[in-house]
There are 2 protein chains.
Amino acid sequence: MELHDEILQIGKQARAASNALRSLSTATKDAALLGVAKGLRGAGARLKAANAKDLAAGKEKGLSSAMLDRLELTDKRIEEMAKGLEAVAALPDPVGDIEHQTIRPNGLRIAQVRQPLGVVGIIYESRPNVTSDAAALCLKSGNACILRGGSEAIHSNLAIAECFIEGARAAGVPDHAVQMIATTDRNAVGEMLKLDQYIDVIVPRGGKGLIARIYEESRIPVVAHLDGVCHTYVHQDADLAMAAEVSFNAKMQRPGTCNAMETLLVHSAVAGKFLPAFVAELTKAGCEVRGCARTQKFVTCKAATDDDWVTEYLEKILSIKVVDSLDEAIDHVNGYGSHHSDAIITESYSAAERFLDAVDSATVYVNASTRFTDGFEFGLGAEIGISTNKLHCRGPMALKELTSLKYVIRGSGQIRE
Amino acid sequence: MELHDEILQIGKQARAASNALRSLSTATKDAALLGVAKGLRGAGARLKAANAKDLAAGKEKGLSSAMLDRLELTDKRIEEMAKGLEAVAALPDPVGDIEHQTIRPNGLRIAQVRQPLGVVGIIYESRPNVTSDAAALCLKSGNACILRGGSEAIHSNLAIAECFIEGARAAGVPDHAVQMIATTDRNAVGEMLKLDQYIDVIVPRGGKGLIARIYEESRIPVVAHLDGVCHTYVHQDADLAMAAEVSFNAKMQRPGTCNAMETLLVHSAVAGKFLPAFVAELTKAGCEVRGCARTQKFVTCKAATDDDWVTEYLEKILSIKVVDSLDEAIDHVNGYGSHHSDAIITESYSAAERFLDAVDSATVYVNASTRFTDGFEFGLGAEIGISTNKLHCRGPMALKELTSLKYVIRGSGQIRE
């Protein structure tokens, strides 16, 4: 079959499955997830054999040892996938929740009820566990999903998807609720992104190149974040010990993540007191510092350029800028940031409230590390991605964000006059 | 200035205004709306003079009398616009509402707070009152807006926008909160739809051609409905007198609206009893009926083709199909409909619940006319459009739908371990 027809058929099958999944009981969905967990535990040999093919191909292609490590399926990681499925089964099912109901003067009962989005396309790279995690969240929220993983993990992904589909079918989940694109042809992504009739939302997971391509090409709404250029602003009324601890954590606890701090803003009134010790601590920990001209008066560091203010380093590099006011800090965050996660450190009530109101980011903090932006840390029990979109949802996406509200109206013969 | 640069500058100004509007007090916004209302009432002569130019040009272009009527600004319509502004001022401001707050075990207080979307682009045709209505809803919800009306109403729209901008400025609303594109160059829309950096959402209002073009071209998320192919299903357990009354209302009360019924589905067990009298009533009222082969056994009518099932007539035409089961009705609605507004007429509890669950439309009804899908009828106090999108919001859009939820997190020095 031609690639176009193959992907189109997958789309049509997903739409048909989503029409059945919409009314599937929570009990069936949970039984399926538990069954898949059991299946994954029993399929260790099969999964590792498939994974070995990917690892061998990866070595041949010269993948870095970090990438090979991310690709590897060990017994521990298989157990983690299974536990992840059990955790999703234990979460409340958002489908059918009534968020509001009003009764109108004419007696119409107007409710907004959570419903699955329909068909979710997941396009992701590297780690094979995403196959199982993403399929589980889609199934639990009543969505059909179409999975497209990276070519370097194709055998592992297909083996995991096969386990998932077997386990789901055994519990009575309709066919094609979960489908994986089997070809590694790069054009398959392009074909997928055209199927706005059959796919309701694309959730990409991966590097900036992948996300940028998908935002550029997709005819289907995309929920994702492109960059995580996150800030911490140390206000003149900050507890400077707290500022140092929180900022250090935001930068260094895991610098490769999207919610790590990339730029520190410091009020000029405390820059002289705060920066020398803080920068010494960062330097000692192996972090490169790039400062504005005023920062360079207090510490020895590279000069930051305009490019630095918009760069997501994803490594041990921090840009620092000295500002003269809260408003200058807010303007910098809104102007150069990526609207992901930004924090103020302050003891001033008014400054805190003003920052929270005025900063236009998915997540805004007072006196805490930006590293907390995460579905698990927020208590959502899961995470399929993080959104910096303004529409639909901002911040971590979990089960509720895979649904939307349908109006359900119960009448007794009302007509419009 | 080149068109591209002109539209780009409007976008940049709107973004700057939106950063100020985010924190504008409700009192200022309401004072502005009341001031604009007063200004419109005092500007009757100016508005009617501008409108006279559009009417003269419209007559010269040969616009239909219906279109000329929609275009005309009378004293009554100016008064209605002013009253509309006062009604929006009286609505609660959604900005700052906390929808959820939880305290995590580590003490982080995690809230979801309603915030303006940012910059809203409104692209619309014909009726000049949309200028004032749309600007009012955007201002009240803290959004900057860029208005682009139809060329046939350009003088009227500019005059209304000028009144709006004057009144808003006098109350202390930042400059460029409301901007209107002054050129009638058709390429301006294309330039606008590229500004994904500066415009957060496009809300189009108009005919299918306009909406289809915008969905096709826009790099900015669009919230709208393309079609309103709405259904009423008369189940075998329906109260047939209610079925006739509600279906007649859904088709005939205002056939040119998006929530009017286009296809009637009837269960075969009651088709013989229901259809002859109902179709006679429709025919008497001037409605053309197109039926499936089984419908034609009960009544004399044109034959419906497959095209009829996907057509939004927007006039006194109804297609009718006889079905053998609730599932066949549901499959028809989900397969051929436009996911706008669909109703079942039934006294069966189980059938009602199944229809509400399984039909994938923005608004699903039991025993009521689909004509109720409307922001005012739903008690939202306003309407800027109706969405058949799955993401963000489904159904009527008003103030709340012009906002989204930002995570606001208050800590006391928390760091991630």
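Student: What makes strand E3 (residues 119-124) of chain B a partner of E6(B)?

Tutor: Five bridges join E3(B) to E6(B), and the two run parallel. Two strands pair if DSSP finds at least two bridges between them, so five is enough. Helices (H or I, at least four residues) and strands (E, at least two) are DSSP runs, numbered from the N terminus. One caution: this is a predicted model, where local features need pLDDT of at least 70, side-chain atom pairs count only at pLDDT 80 or more, and totals for chains, interfaces and linings use all residues. Residues are numbered from 1 along each chain as its sequence is written, while chains are lettered from A and ligands numbered from 1 in the order in which they are written.

Student: Which residue of E6(B) is the bridge partner of Gly121(B)?

Tutor: Ile202(B). Likewise, Ile123(B) stands opposite Pro204(B).

Student: What makes E6 of chain B an edge strand?

Tutor: E6(B) pairs on one side only, as does strand E5 (178-180) of chain B. The open sheet has four strands in the order E5-E4-E3-E6 of chain B, with parallel pairing.

Student: Why is strand E6 (residues 201-205) of chain B called mostly covered?

Tutor: Five of its five residues are buried. That term needs 20 or more other C-beta atoms within 10 Å of the residue's own (exposed is 12 or fewer, partly exposed is in between; C-beta atoms are placed from the backbone). Val201(B), Val203(B) and Arg205(B) are buried on one side of E6(B), and Ile202(B) and Pro204(B) on the other. In a regular strand the side chains alternate between the two faces of the sheet.

Student: Why does His339(B) count as buried?

Tutor: His339(B) has 26 C-beta neighbours inside 10 Å; the cut-off is 20 or more, so His339(B) is buried. Its phi is near 60 degrees, a positive value in a residue other than glycine. His339(B) lies in the loop between H13 and strand E12 (341-345) of chain B.

Student: And why does His392(B) count as buried?

Tutor: The count for His392(B) is 21 C-beta neighbours inside 10 Å, so the cut-off of 20 is met. Phi of His392(B) is near 70 degrees, again positive in a residue other than glycine. Its loop runs between strand E14 (385-387) and strand E15 (395-397) of chain B.

Student: How are H5(B) and H6(B) oriented to each other, and why?

Tutor: The axes of helix H5 (residues 75-90) and helix H6 (residues 129-140) of chain B cross at roughly 10 degrees and come within 10 Å. Angles under 35 degrees count as roughly parallel (over 145 roughly antiparallel, 65 to 115 roughly perpendicular, the rest oblique). Therefore H5(B) and H6(B) are roughly parallel. Axes are lines fitted to C-alpha atoms, for helices over the stretch in contact, and angles run from 0 to 180 degrees between N-to-C directions. Contact means that the C-beta atoms of two residues, placed from the backbone, lie within 7 Å.

Student: What is the expected reach of helix H1 (residues 3-21) of chain A?

Tutor: The rule is 1.5 Å times one less than the number of residues. H1(A) has 19 residues, giving 27 Å, and its 26 Å from first C-alpha to last is close to that.

Student: What joins E13(A) to strand E16 (residues 403-414) of chain B?

Tutor: Five bridges, with the strands running parallel. Ala368(A) stands opposite Gln414(B) in E16(B).
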